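Biologist: Before I trust words such as pocket or contact, I would like to hear what stands behind each of them. Could you take me through the terms one at a time?

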Amino acid sequence: MSTEVWTIQKILNWTRDYLTKSGSPSGRLDAELLLGEVLKLRRLDLILRFDQPLQAEELATYKALIKRRSKGEPVAYILGRREFYGLDLAVRPGVLVPRPETESLVDEVVKFLTSDAAPQGAVLDLCTGSGCIALAVAHTLKDKALKGKGTERDVIATDLSPEALAIAIENRDALDLAVDLRHGDLFAAVPGLQFAAIASNPPYVRTETVAWLEPDVRDFEPRLALDGGVDGLDLLRRIARQSKDFLVPGGLVAVELGSREQAQAMSEACLQGGLSDPKILPVMGGPTSLVLARRPH
Ligand SMILES: C[S@@+](CC[C@H](N)C(=O)[O-])C[C@H]1O[C@@H](n2cnc3c(N)ncnc32)[C@H](O)[C@@H]1O
């Protein structure tokens, strides 16, 4: 970048090309999000002010952010936040950046909990990371209850990573939601409890595939959040085996996984674990899938 005048339009175009060459699959979007952060403008406002020149200080701040992104650092870590299900969540290294696909898991859990089929009881989110699933469910149920369209439920969420849990607590407190966040290995933090619904987006990448992930995922996001063992199903199998004991009769377990093959294997594991009626739901036309199963009445 030289000392010539840089308008918003010109710098966005330049950055798009630069980041694309650096390997970002979303150069233009990255540029808009980072410039919006520096100028404190929404993306739409950037477009409305295409001809506005940047001040030297703004340019210097922006350049530093672009440098970090060009080295692969995820935009969400640079900004320190990510929107999920309409909630503004803090994210930092140590926690997985919530993905849009996971919003489908929230949709399914909320749909079940607000249906006539749902038993009484609380909700459990295993492997909560930033807290995104638990917080989105709690927020949505609270919102619906305020509108007279259902009742709030207790929500508990657990994670093995103290770093992730600290960020989940920060998010819960910022959103003022009554989610109970506990440290522990899967169900170990909720002994003797039973739930109306269990949701989880556990690590499900096959160990040998971790090395082939996009660098911004592989080099920046926590391995504990990604590596699901040899076939990616280590935690999912444990969830399939243990869920029946932690669900009330008629309760739902809903998990996210990375492929149709994993979904098929999880469905079978759910049946072996005494759950019934497993369903595979593809997400957003990609390989990500959900598996839903119930504890029989
Ligand atoms: C794929 S991330 C999902 C985070 C969040 N639920 C989301 O959807 O963005 C998986 C999470 O599982 C946690 N985790 C890994 N092994 C675990 C275990 N044995 N028990 C509980 N949590 C675990 C990781 O720390 C990480 O936060």
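Modeller: Helices (H or I, at least four residues) and strands (E, at least two) are DSSP runs, numbered from the N terminus. By that numbering, helix 2 gives six residues, the largest share, to the lining of the second largest pocket. This is a predicted model, in which local features need pLDDT of at least 70 and side-chain atom pairs count only at pLDDT 80 or more, while totals for chains, interfaces and linings use all residues. Residues are numbered from 1 along each chain as its sequence is written, and side-chain values use heavy atoms, with hydrogens and water left out.

Biologist: What makes D159 a polar contact of the ligand?

Modeller: A polar contact is a pair of N or O atoms within 3.5 Å; within protein, one must be able to donate a hydrogen and the other to accept it, and residues adjacent in sequence count only if both atoms are side-chain atoms. An N or O atom in the side chain of D159 is 2.7 Å from an oxygen atom of the ligand, so this pair meets the distance limit. Backbone N or O atoms do likewise with a nitrogen atom of the ligand, at 2.9 Å for L186 and at 3.3 Å for T128.

Biologist: Which residues come nearest to the ligand?

Modeller: A residue is near a molecule if one of its heavy atoms lies within 4 Å of it. There are 20 such residues around the ligand, and C127, D159, D185, L186 and N201 come nearest.

Biologist: Why are twelve residues of this shell called nonpolar?

Modeller: The class follows from residue type, because Ala, Val, Leu, Ile, Met, Phe, Trp, Tyr, Cys and Pro count as nonpolar, Asp, Glu, Lys and Arg as charged, and the others, Gly among them, as polar. Beside the twelve nonpolar residues, the shell has six polar and two charged ones.

Biologist: Where does the ligand sit?

Modeller: The ligand sits in the largest pocket, which means that more than half of its atoms lie within 2 Å of the grid points of that pocket. A pocket, on a 1 Å grid over the protein atoms alone, is an open set of points where a 1.4 Å probe fits, with protein on both sides within 12 Å along at least five of seven lines; lining residues have an atom within 4 Å of a point.

Biologist: How many residues line the largest pocket?

Modeller: The largest pocket holds about 1,000 Å³ of space, and among its 47 lining residues L96, P202, Y204, A225 and L226 are the closest to its centre. Helix 11 gives four residues, the largest share of this lining.

Methods:
Points joined across faces, edges and corners; volume = space filled by probe spheres on them.
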